[in-house]
Amino acid sequence: MYTNVNLAAPVGVLAFLGTGFLLFIVGLVLIYSIVRKKLRLTKLSLVGIALVAGIYLVILLIFSFASTEKVLARGEEKTLLRN
């Protein structure tokens, strides 16, 4: 069992890219709503961007505070710790 709280690398990369893609799509909707002068859709898009960014920040902070720090001795290899 891993003692750190890091996700597997592919899961972390997919989550990061998925968040970026979601922000990109909502950004396109925002641009569309501004060009078409649809005030309600503009507000909804801004709320969506803030919501996605806020959730991403909260998850980032949770993983950051849950992780531990270990100082390695000179020459010691950096490996995943297992119980």
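**Reading the views.** Buried means under 20% relative accessible area, exposed means over 50%, and partly exposed lies in between (1.4 Å probe, protein chains only). This is a predicted model: local features need pLDDT of at least 70, side-chain atom pairs count only at pLDDT 80 or more, and totals for chains, interfaces and linings use all residues. Residues are numbered from 1 along each chain as its sequence is written, and side-chain values use heavy atoms, with hydrogens and water left out.

**View 1. The whole protein has two helices and zero strands.** Both kinds of element are DSSP runs, numbered from the N terminus: helices are H or I with at least four residues, and strands are E with at least two. Helix H1 covers residues 9–35. Helix H2 covers 39–66. The protein has 83 residues, and buried ones make up 10% of them. Its accessible surface comes to about 7500 Å². Carbon and sulfur atoms hold 71% of that surface. Such areas come from the Shrake-Rupley method with a 1.4 Å probe; for residues, only the protein chains shown count as cover. Now take the contacts (heavy atoms within 4.5 Å). Among those with a separation of 6 or more, 50% link residues 24 or more positions apart.

**View 2. H1 and H2 both have end-to-end lengths that fit expectation.** The expected span of a helix is 1.5 Å times one less than its number of residues. H1 has 27 residues. From first C-alpha to last, H1 reaches 39 Å, close to the 39 Å expected. H2 has 28 residues, so its span should be 40 Å. The end C-alpha atoms of H2 are 41 Å apart, which agrees.

**View 3. The buried residues of H2 pack against H1.** On H2, the buried residues are Thr-42, Ser-45 and Val-52. On H1, they are Thr-19, Val-26, Gly-27, Leu-30 and Ser-33. The cover over the buried residues of H1 includes H2. Look next at Gly-27 in H1. Gly-27 counts as buried because its relative accessible area is 18%. Gly-27 and Ile-49 are 22 residues apart in sequence, yet their C-alpha atoms are 7.5 Å apart in space.

**View 4. Thr-19 sits in H1 and touches Val-52 and Tyr-56.** Those two contacts leave aside neighbours within four places in sequence. Is Thr-19 buried or exposed? Thr-19 is buried, because its relative accessible area is 18%. Its side chain also reaches the backbone oxygen of Ala-15, at 2.8 Å.

**View 5. Ser-33 of H1 has a relative accessible area of 0%.** That value is why Ser-33 counts as buried. Which residues touch Ser-33, leaving aside neighbours within four places in sequence? They are Lys-38, Leu-41, Thr-42 and Ser-45. With Thr-42, the link is a side-chain polar contact of 3.0 Å. A polar contact is a pair of N or O atoms within 3.5 Å; within protein, one must be able to donate a hydrogen and the other to accept it, and residues adjacent in sequence count only if both atoms are side-chain atoms. Lys-43 is 10 residues from Ser-33 in sequence, and their C-alpha atoms are 9.0 Å apart.

**View 6. Lys-37 lies in the loop between H1 and H2.** Find Lys-37 just after H1. Its phi is positive, about 55°, although Lys-37 is not a glycine. Is Lys-37 buried or exposed? Lys-37 is exposed, because its relative accessibility is 75%.

**View 7. Eight residues form a nonpolar surface patch of about 830 Å²: Val-13, Phe-16, Leu-17, Tyr-56, Leu-57, Leu-60, Leu-61 and Phe-65.** H1 and H2 are the elements that give two or more residues to this patch. H2 gives the most, with five residues. Patches are made of residues with over 30% relative accessible area and no salt bridge; like charges are joined within 9 Å, and nonpolar side chains (Val, Leu, Ile, Met, Phe, Trp, Tyr) within 5 Å. A salt bridge is a side-chain nitrogen of Lys or Arg within 4 Å of a carboxyl oxygen of Asp or Glu. Pick out Phe-65, a patch member in H2. Phe-65 counts as exposed because its relative accessible area is 71%.
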